[in-house]
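Visitor: I should like to understand the reasoning behind the terms applied to this structure. Would you take me through them in turn?

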Amino acid sequence: MTHPFHPLRGVEFMLVTRKWNWGEDRVMYFDSRARLRSMLISWTNLAGDDLFSQISAGRSWFRTDDLLKLAALLEDLRPALQRRGRRVK
C-alpha cells in the first residue's frame with residue numbers, strides 16, 4: 001500500500017490477481033483475516049509513477065484538474081453554508 005493518506009500505508013499484501021473491476025484497474029489480495037479484498041492499482045507500487053508524478057517530481061501533491069473540481073464543489077456548497085449562517089469568503 002503506497003497511497004499517502006491510506007491507514008494501511010506501508011503494509012504489504014500477497015497479490016492474488018489484477019483485473020478490471022467496477023470500471024477501475026484493481027488488485028485483489030487477502031487481508032489479515034484471509035478475506036478477499038481489492039484496492040485501486042494506483043494505491044500500490046504496481047502502478048508505477050503516473051505522468052503527473054514524474055513531471056512534478058514531488059513538488060506538488062495536487063493536480064490542477066482535481067483542484068478545479070474541488071473549487072467547483074466548494075462553490076456549489078457556498079449557498080448551503082451561507083443559509084446556515086456560516087461565513088464563507
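Visitor: In which strand is N21 found?

Guide: This is a predicted model. In it, N21 belongs to strand 1, which covers residues 15-21.

Visitor: Why is N21 called buried?

Guide: The term buried requires a relative accessible area under 20%. N21 has a relative accessibility of 16%, and therefore counts as buried.

Visitor: Which residues is N21 in contact with, leaving aside its neighbours within four places in sequence?

Guide: They are R26 and M28. Contact here requires heavy atoms within 4.5 Å.

Visitor: Where is the place of V27, and why is V27 called buried?

Guide: V27 lies in strand 2. Its relative accessible area is 4%. The limit for the term is under 20%, so V27 is buried as well.

Visitor: What is V27 in contact with, leaving aside its neighbours within four places in sequence?

Guide: The contacts of V27 are L15, T17, R18, R37, S38, M39, I41, T44 and L46. One of these partners, L46, is 19 residues away along the chain, and its C-alpha atom is separated from that of V27 by 9.0 Å. Another partner, M39 in strand 3, stands opposite V27.

Visitor: How do you know that strand 2 and strand 3 pair, and in which direction do they run?

Guide: Pairing requires at least two bridges between the strands. Five bridges join strand 2 (residues 24-30) to strand 3 (residues 36-40), so the requirement is met, and the two run antiparallel.

Visitor: What lies between the strands of this hairpin?

Guide: Five residues lie between strand 2 and strand 3, and in this hairpin A34 takes a positive phi near 65°.

Visitor: What pattern does the protein chain follow along the sequence?

Guide: The order is β-β-β-α-α, with three strands and two helices in the chain.

Visitor: How does the radius of gyration of the protein chain stand against that of a compact globule?

Guide: For 89 residues, a compact globule would have a radius of gyration near 12 Å, whereas the protein chain has 18 Å. The C-alpha trace spans about 50 × 35 × 25 Å along its principal axes.

Visitor: How many of the residues count as buried, as a percentage?

Guide: Of the 89 residues, 12% count as buried. The accessible surface comes to about 7700 Å², and carbon and sulfur atoms hold 56% of that area.

Visitor: How many side chains are positive and how many negative?

Guide: There are 16 positive and 10 negative side chains, and the centres of the two sets lie 9 Å apart.

Definitions and conventions
Residues are numbered from 1 along each chain as its sequence is written. This is a predicted model: local features need pLDDT of at least 70, side-chain atom pairs count only at pLDDT 80 or more; totals for chains, interfaces and linings use all residues. Side-chain values use heavy atoms; hydrogens and water are left out. Helices (H or I, at least four residues) and strands (E, at least two) are DSSP runs, numbered from the N terminus. The radius of gyration is taken over C-alpha atoms; the globule rule is 2.2 Å times the number of residues to the power 0.38. Buried means under 20% relative accessible area, exposed over 50%, partly exposed in between (1.4 Å probe, protein chains only). Accessible areas come from the Shrake-Rupley method with a 1.4 Å probe; for residues, only the protein chains shown count as cover. Lys and Arg count as positive and Asp and Glu as negative; His and the chain ends are not counted. The place of a charge is taken as NZ of Lys, CZ of Arg, CG of Asp or CD of Glu.
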